[in-house]
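Hi,

Here is the model I promised to pass on. Have a look at it first, and my notes follow underneath.

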Amino acid sequence: MYIQNGVLAIISRVKARLKKLTSMRNHVFLALLLGGIVPVLILTKILQSTYIEESVNEKIAEIQSYGNKVATQMIYTGYLTTPSMTDVNIELALAASFYEGRIIVVDGNLKIIADTYEREVGKTLISEEVLKCFKGNSSVITDRKQQSGSISIPIIQSESKNVAGAILISFSLKEQYQILERLEQKSGIIMIFIATVLVLIAFIYSKKLIKPLKEITQSLKHVTDGYMDDEVSIKGYYELEQISDSFNEMLARMKTIEESRQEFVSNVSHELKTPITSIKVLADSLLMQEDAPVELYREFMTDITDEIERENKIITDLLSLVKLDKKSGEMHIASTNINELLEVILKRLKPIAMKRNIELVFESFREVTAEVDEVKLSLAISNLIENAIKYNVDDGWVRVSLNADHKYFYVKVADSGIGIPEAAQNYIFDRFYRVDKARSRQTGGTGLGLSITKNAILMHKGAIKVSSVENEGSTFTIRVPLSFIA
Ligand code: ADP
């Protein structure tokens with residue numbers, strides 16, 4: 001059990017470490033480090049190889065030209081047939097010691113006729129280089145380990161162009177390779193120095209670069225903990241400034257949403273409490289009277305029923321609003337004849353209008369079919385017409401008209417009612433807002449109707465506007481796209 005826990009702890013620690021590896025700071029650090037070191041590394045390698053190539057080639061060219069000169073000399077002096085010529089032998093010995101190597105001469109029968117080490121004279125030499133020479137080609141070999149090189153040059157007869165023999169010169173490249181080694185050592189030290197400086201710079205710079213991101217993370221944590229008052233301010237990097245600006249914008253929006261949520265909750269509680277308080281007052285006063293007459297009971301019970309009805313209406317409206325607050329995924333879109341939809345609504349509302357002798361007129365400029373959620377749109381338009389009747393004068397009129405262009409259809413609800421004061425026009429779509437609380441209460445208003453309408457229209461990606469003059473009337477116009485935009 002203990003062992004299992006221990007292993008799990010180690011695994012989670014390793015996981016945490018691995019997660020850290022993906023940190024942006026590590027990536028920036030690595031990028032800076034590699035970006036600095038790799039080019040320097042490549043450059044020093046190129047310089048070193050260029051140096052060794054140049055210096056070795058120079059040496060080879062020098063020895064080759066010497067070998068060619070000696071080969072010509074040997075042809076002219078007839079050395080290959082009389083290899084005992086002292087002056088040529090002395091020259092070969094001097095050259096061999098100058099190049100810190102060995103010179104071997106073979107004649108046309110592959111027999112060694114001269115060897116500055118004097119060990120192999122008289123022997124036959126068959127090697128790849130010698131055979132190459134007899135085909136007329138010279139060859140060069142270098143060996144870094146031995147710090148030496150060897151060149152073989154054919155001795156060619158000037159008239160017949162036949163190969164009469166070959167000269168093999170081995171020579172030392174100690175000086176060149178030692179300089180290369182010193183160069184490698186020095187550049188190694190310089191590399192370590194550069195790497196150390198780069199590590200420092202990368203460390204400091206990556207820390208500086210990541211600092212603002214850490215600040216944002218900190219602020220986000222703060223907000224998650226419930227503190228919304230802190231704003232982030234990051235200066236210096238354009239992109240990060242943009243992030244912090246967007247973050248602050250988001251924060252401001254969240255604050256507004258939170259405030260309106262709190263206001264909504266307190267409004268809901270208040271609105272739901274009002275009818276209950278009335279019911280309690282009515283019931284209490286009945287209970288307090290011992291011999292209350294039946295008429296009084298009847299009257300109070302009627303009032304209680306009215307209050308219950310009101311409570312019911314508030315709850316129904318709230319539920320509609322909550323449903324409309326959900327995402328547009330909840331939309332049941334279908335191609336709908338808007339003329340028919342309006343006629344059905346008007347037929348349903350006609351009796352209410354007739355009670356106050358209000359004329360209800362429908363004007364249609366064309367047949368309109370649109371992709372809409374029939375239930376939601378009906379609710380929105382019904383609310384507008386109900387309001388036009390509710391806030392009207394007796395014997396007034398309500399005109400509903402329908403029109404369309406190639407993109408939208410328009411429904412206009414105009415009335416001859418009491419109108420809305422200009423100062424209130426900005427607020428009528430807010431939840432629970434009522435211009436005249438007492439009147440709205442009398443007519444059974446909850447202050448939720450227009451916010452339900454607005455939400456339903458917005459869910460159709462439409463728009464709503466109002467124009468109104470007090471004591472003259474109001475006109476509400478909605479504009480809805482003919483094709484639904486998801
Ligand atoms: P209510 O349930 O109180 O009618 P609404 O959200 O539908 O709530 O309307 C908000 C307020 O806007 C109403 O209380 C009323 O004061 C005003 N209002 C809405 N429609 C009209 C209208 N056609 N004429 C005059 N006032 C209106």
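One term before anything else: helices (H or I, at least four residues) and strands (E, at least two) are DSSP runs, numbered from the N terminus. This is a predicted model, so local features need pLDDT of at least 70 and side-chain atom pairs count only at pLDDT 80 or more, while totals for chains, interfaces and linings use all residues. Residues are numbered from 1 along each chain as its sequence is written, and side-chain values use heavy atoms, with hydrogens and water left out.

On confidence: pLDDT is the predictor's confidence in each residue, from 0 to 100. The protein chain has a mean of 89, and 97% of its residues reach 70 or more. Among its elements, strand β10 (residues 408-415) has the highest mean pLDDT, 98, and helix α10 (residues 437-442) the lowest, 70.

Now the helices. The expected span of a helix is 1.5 Å times one less than its number of residues. Helix α2 (residues 24-77) has 54 residues and reaches 79 Å from its first C-alpha to its last, close to the expected 80 Å. After α2 comes G78, with a positive phi near 70°. E54 lies in α2, and its C-alpha is 9.8 Å from that of Q176, 122 residues away along the chain. Helix α7 (residues 294-325) agrees with its expected span too, because its 32 residues should cover 46 Å and its end C-alpha atoms are 46 Å apart.

For burial I used relative accessible area: buried means under 20%, exposed over 50%, and partly exposed in between (1.4 Å probe, protein chains only). By that scale E54 is exposed, because its value is 53%. The buried residues of α7 include L296, F300 and I304, but also E307, R310, E311 and D317. An α-helix has 3.6 residues a turn, so residues three or four places apart point the same way.

What holds the middle together? I looked at nonpolar cores, meaning sets of buried Ala, Val, Leu, Ile, Met, Phe, Trp, Tyr and Cys residues joined through side-chain atoms within 4.5 Å. The largest one has 51 residues, and those with the most contacts inside it are I338, L377, I381, I385, V398, F409 and V411. Taking contact as heavy atoms within 4.5 Å, and leaving aside neighbours within four places in sequence, I338 is in contact with V368, A370, V372, L377, L402 and F409. Apart from this core lies another, of 29 residues, among them V56, Y66, V70 and L80.

K376 is worth a click as well. This lysine lies in helix α9 (residues 374-390) and counts as buried because its relative accessibility is 12%. Beyond four places in sequence, K376 is in contact with L324, E330, M331, A456, M459 and H460.

Next, the rings. Rings of Phe, Tyr and Trp (its six-membered ring) pair if their centres lie within 6.5 Å; planes under 30 degrees apart count as stacked, over 60 as edge-to-face and the rest as tilted. The structure holds six aromatic pairs. F429 and F476 form an edge-to-face pair, 6.4 Å centre to centre with 85° between the planes. That pair links distant parts of the chain: F429 is in the loop between β10 and α10, F476 is in strand β12 (residues 473-481), and 47 residues separate them. F429 is buried, at 14% relative accessible area, and F476 is buried too, at 6%. Elsewhere on the list, Y66, F98 and Y99 form one aromatic cluster.

Two arginines sit over rings, by the rule that NZ of Lys or CZ of Arg is within 6 Å of the ring centre and within 35 degrees of the ring normal. The charged end of R399 is 4.1 Å from the centre of the W397 ring, and R431 lies over the face of F264, at 4.4 Å from the ring centre.

Last, the loops. Most residues other than glycine have a negative phi, and most peptide bonds are trans. L110 is not a glycine, yet its phi is positive, at about 60°. L110 belongs to the loop between β1 (102-107) and β2, and it is buried, with a relative accessible area of 17%. N471 also has a positive phi without being glycine, near 65°. N471 is in the loop between β11 (463-469) and β12, and it is exposed, with a relative accessible area of 67%.

L110 comes up again through L125, which lies in the loop between β2 (112-115) and α4 (128-134). Not counting residues up to four places away in sequence, L125 touches I104, V106, L110, I112, V130 and L168. The C-alpha atoms of L125 and V106 are separated by 7.4 Å, with the two residues 19 apart along the chain.

Cheers
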